[in-house]
Amino acid sequence: MKRHVYRAATLPVRVIVVTVSLVEAILRPAYRPIVNAIMTLGVVTRLEAWIATLPRLAILLLLAFPFAIAEPMKVVALVIIARGHVAIGVVTLIAAYLATFLIVERIYHAGREKLLTYRWLAWVMRYVALARSLYDGIKLSAVGWLRAMKARFLP
């Protein structure tokens with residue numbers, strides 16, 4: 001009984017996480033070229049080089065601030081969309097993803113070696129990599145299944 005209550009109570013959170021993951025998977029091909037173009041700018045590479053010279057705690061704090069803003073904004077954007085304000089919600093979602101890829105990802109990339117000297121963060125990143133590989137495996141299985149169904153039913 002207790003387990004059913006827990007599952008019911010956490011259902012909204014799980015739905016949000018799955019929805020955000022699906023939206024990210026759908027939008028990634030659209031915004032990735034823009035992010036790649038911006039990452040090659042000289043100012044970005046100089047900032048990354050500067051970040052790499054910082055102590056690991058400074059890099060961690062520098063990473064935490066935009067992460068703490070950008071990630072919850074993705075959920076906020078979905079709530080805005082769910083309330084019927086699709087245009088504002090989509091703009092918010094795009095801005096949050098761009099912030100993630102333009103700021104958070106670049107800070108992590110620049111300070112990765114130093115950040116992974118924190119054992120707890122190295123542990124977390126190992127499990128993030130595992131979750132990504134499982135997600136990719138599930139996604140590939142789903143794509144394979146969909147292709148098989150398409151071939152079977154749509155000659």
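## Notebook: aromatic pairs, salt bridges and one glycine

I began with the rings, and the count came to 2 aromatic pairs, where rings of Phe, Tyr and Trp (its six-membered ring) pair if their centres lie within 6.5 Å, planes under 30 degrees apart counting as stacked, over 60 as edge-to-face and the rest as tilted. In one pair the rings of tyrosine 118 and tryptophan 120 have their centres 5.9 Å apart and their planes at 45°, so I noted this pair as tilted. The other pair is formed by tryptophan 123 and tyrosine 127, which is also tilted, with 4.8 Å from centre to centre and 55° between the planes.

Before going on I wrote down that this is a predicted model, in which local features need pLDDT of at least 70 and side-chain atom pairs count only at pLDDT 80 or more, while totals for chains, interfaces and linings use all residues. Residues are numbered from 1 along each chain as its sequence is written, and side-chain values use heavy atoms, with hydrogens and water left out.

**The chain as a whole**

I looked up the elements next and found 5 helices and 0 strands in the chain, with the order α-α-α-α-α from the N terminus on; helices (H or I, at least four residues) and strands (E, at least two) are DSSP runs, numbered from the N terminus. Of the 155 residues in the chain, 23% are buried, where buried means under 20% relative accessible area, exposed over 50% and partly exposed in between (1.4 Å probe, protein chains only). Taking contacts (heavy atoms within 4.5 Å) between residues at least 6 apart in sequence, I noted that 70% join residues at least 24 apart.

**Around the rings**

Which of the two residues, tyrosine 118 or tryptophan 120, is buried and which is partly exposed? Tyrosine 118 counts as buried at 13% relative accessibility, whereas tryptophan 120 counts as partly exposed at 48%. Tyrosine 118 has a further partner, since the charged end of arginine 56 sits over its ring, 3.8 Å from the centre; the rule asks that NZ of Lys or CZ of Arg be within 6 Å of the ring centre and within 35 degrees of the ring normal.

Tryptophan 123 and tyrosine 127 both lie in helix H5, 4 residues apart, which is about one turn of the helix. Both are partly exposed, tryptophan 123 at 47% relative accessibility and tyrosine 127 at 44%.

I then met these rings again in a nonpolar surface patch of about 630 Å², made by Trp120, Trp123, Val124, Tyr127, Leu130 and Leu134. Patches are made of residues with over 30% relative accessible area and no salt bridge, like charges being joined within 9 Å and nonpolar side chains (Val, Leu, Ile, Met, Phe, Trp, Tyr) within 5 Å. Leucine 134 lies in helix H5 (residues 119-153) and is exposed, with a relative accessible area of 52%.

**Salt bridges**

How many salt bridges are there? I counted 3 salt bridges, each being a side-chain nitrogen of Lys or Arg within 4 Å of a carboxyl oxygen of Asp or Glu. In one of them the side chains of arginine 106 and glutamate 48 meet at 2.5 Å, N to O. Arginine 106 lies in helix H4 (residues 86-115) and glutamate 48 in helix H2 (residues 42-53), so the pair ties together parts that are 58 residues apart in sequence. Both partners are buried, arginine 106 with a relative accessible area of 12% and glutamate 48 at 14%.

Arginine 106 also forms a salt bridge with glutamate 105, the closest N and O atoms being 3.9 Å apart. Salt bridges that share partners thus join Glu48, Glu105 and Arg106 into one network. Glutamate 105 counts as partly exposed, at 24% relative accessibility.

Lysine 74 forms a salt bridge with glutamate 71, with 3.0 Å between the closest N and O atoms. The two residues are 3 apart in helix H3 (residues 56-82), and are separated by about one helical turn. Lysine 74 is buried, with a relative accessible area of 4%, while glutamate 71 counts as partly exposed at 25%.

**Glycine 111**

Last I looked up glycine 111, which has its place in helix H4 and counts as buried at 2% relative accessibility. Not counting residues up to four places away in sequence, glycine 111 touches Ile51 and Ile59. The C-alpha atoms of glycine 111 and isoleucine 51 are separated by 6.4 Å, although these residues are 60 apart along the chain.

Notes:
Accessible areas come from the Shrake-Rupley method with a 1.4 Å probe; for residues, only the protein chains shown count as cover.
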